Each structure stands twice: as structure tokens, then as C-alpha cells.
Amino acid sequence: MARLKPEERRAQLIALGVELVGASSFDAVSVDDVAAAAGISRSLLFHYFPTRADFLVAVAEAAAEELFEATAPDPSVPPDEQLRAGLSTFLDYIEARREAYLSLVRGAAGGEAGLQAVFDRTRDRITERVIDGMSELLPADTLRDPRLRMAVRGWVAFNEEVAQVWLSGEPIGRDELLDLMANSLAALAFAAGIDADGVAAAVSA
């Protein structure tokens, strides 16, 4: 077996962690299983990650990056359809990784600082992406309005919560959930005192 460079070994372990989490959940991932899959000792894994929590945070960061890339706007889709298309892709992604997503959300909500930090950074990135996607639909002064940023970030957190509830029991249909997630953005913008016409246009497709 070829000897891997430290950065290659670390990347391999994280990739294995993402794969195992995707097939089960964060709670169920065993560092022994990861080490065995990589063909290394448990002690060597802890050379790269001091604790299991450190390893899981690295895995969460990689999974968040994977989600962010998977939900990237499709430039071939008109701006007024991109948000809804991105939400649909998000639902596809988390449906395929139901237990992993639920365990990550619950871990962050349960006060695990490392996982919460990953969630916060991801929310910030998605917030920026959504606002950037409105650049052709809203005037520049509205895009710079801090109320819009607060409303969008709150909307991102809202979507995380309703997606968690839906995955846990699917109390409504997928299309109904998609409508709820998309339409709530314009409602939040209106509640924040933002002229919501452009926001509504972004979700009306």
C-alpha cells in the first residue's frame, strides 16, 4: 500500500467519515470503523484529529462544503427561478442523507460548539449566495440594507428547522414544503420593512 502524505491521509479520513456519516449518522460513526476502512491504526487517526469531536467537526465541514457545492445556482436557469431550484436541490440532497442531516442539526442545536460553528459559517455563506442571487432583481440600496441580510439569514435557519421537521415525519408533501420554504422569504422581507416586490419575484417561479 502506498504511503500517503499527511495532507492526503487527512483528506482520506475525512472523505471516509463523510461516506460513513452519509450512510448512517454522526452519532453512529465509529473512529475504529474509519481507521479500519483506511487501513490504519486507531492511534494514527488520533494523530490527525486529537479527539473524536475534532474528527466529526472536520467531517461536518466537508459535508457542508459538499452541500454548498451541490446547491450552487445553475447559471442556465433564469434568476427568478434559481432560488426555488436551489431549494429543490437542497431537499434532494438531505433526503438522500436523512439520518446524517438530522444528527448534524440536532448536534448543533444541542450546543456542540464545533458543529454549531460549522452551521453558522454555512448559514453566512448561503445568506451571501441568496443576496447575490437577488442582485438583478433588487436595487443596490436594498441589497445593502442590513434588514435584508438579517431576514435572509433568519430564513436560512427557518428552512433548516422545517426541513428537519419534514424529514422526521413528512407531515406535508414535498411540493407543499417547497412552497413554504420559498414563499416565506418574501414574507420575512416584508416583515422586516423591505420592499418585497423583487424578493417575491425571486420566488414566484
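Okay, so H7 and H9 cross in a right-handed way. Keep in mind that this is a predicted model. These two helices pack at an angle of about 120°, and their axes sit 9 Å apart. An angle of 65 to 115 degrees would count as roughly perpendicular and one over 145 as roughly antiparallel, so H7 and H9 come out as oblique to each other.

Who makes that contact? From H7 you have Phe119, Asp120, Arg123, Asp124, Ile126, Thr127, Glu128, Val130 and Ile131. From H9 come Arg149, Val152, Arg153, Trp155, Val156, Ala157 and Glu160. Sort the residues of this contact by class and you get eight nonpolar, one polar and seven charged.

Now for another helix pair, H1 and H4. Their axes are also 9 Å apart, with an angle of about 75°. That falls in the 65 to 115 range, so we call H1 and H4 roughly perpendicular to each other. On the H1 side, the contact uses Arg10, Leu13, Ile14, Gly17, Val18 and Val21. H4 brings Phe55, Ala58, Val59, Ala62, Ala63 and Glu66. The class count for H1 with H4 is nine nonpolar, one polar and two charged residues.

Right, on to the pockets. The largest one has a volume of about 820 Å³. It's lined by 41 residues, and the closest to its centre are Leu67, Thr71, Phe90, Ile126 and Arg129. You've met Ile126 already, by the way: that residue is part of the H7 contact with H9.

So which helices supply at least two residues each to that lining? They are H1 (6–23), H4 (52–70), H5 (79–96), H6 (98–109), H7 (113–133) and H9 (146–169). Both of the helix pairs I just went through are in that list. As for what the lining of the largest pocket is made of, there are 26 nonpolar, eight polar and seven charged residues.

Then there's the second largest pocket, with about 190 Å³ of space. Here 13 residues do the lining, and nearest the centre are Asp27, Leu56, Gly107, Glu112 and Leu115. H4, H6 and H7 are the elements giving two or more residues to this lining. H4 has the largest share, with four residues. By class, the lining of the second largest pocket splits into six nonpolar, three polar and four charged.

If you're clicking through the structure, H4 is a good one to follow. It packs against H1, helps line the largest pocket, and gives the largest share to the second largest pocket's lining.

Notes:
Residues numbered from 1 in each chain as written. Predicted model: local features only at pLDDT ≥ 70, side-chain atom pairs only at ≥ 80, totals over all residues. Heavy atoms only, no water. 1 Å grid on protein atoms, 1.4 Å probe; cavity = no way out; pocket = protein on both sides within 12 Å on 5 of 7 lines; lining within 4 Å. Points joined across faces, edges and corners; volume = space filled by probe spheres on them. Nonpolar A, V, L, I, M, F, W, Y, C, P; charged D, E, K, R; others polar. Axes fitted to C-alpha atoms, helices over the stretch in contact; angles between N-to-C directions. Parallel < 35°, antiparallel > 145°, perpendicular 65-115°, else oblique. Left-handed = near helix turned anticlockwise from the far one by under 90°. Contact = heavy atoms within 4.5 Å.
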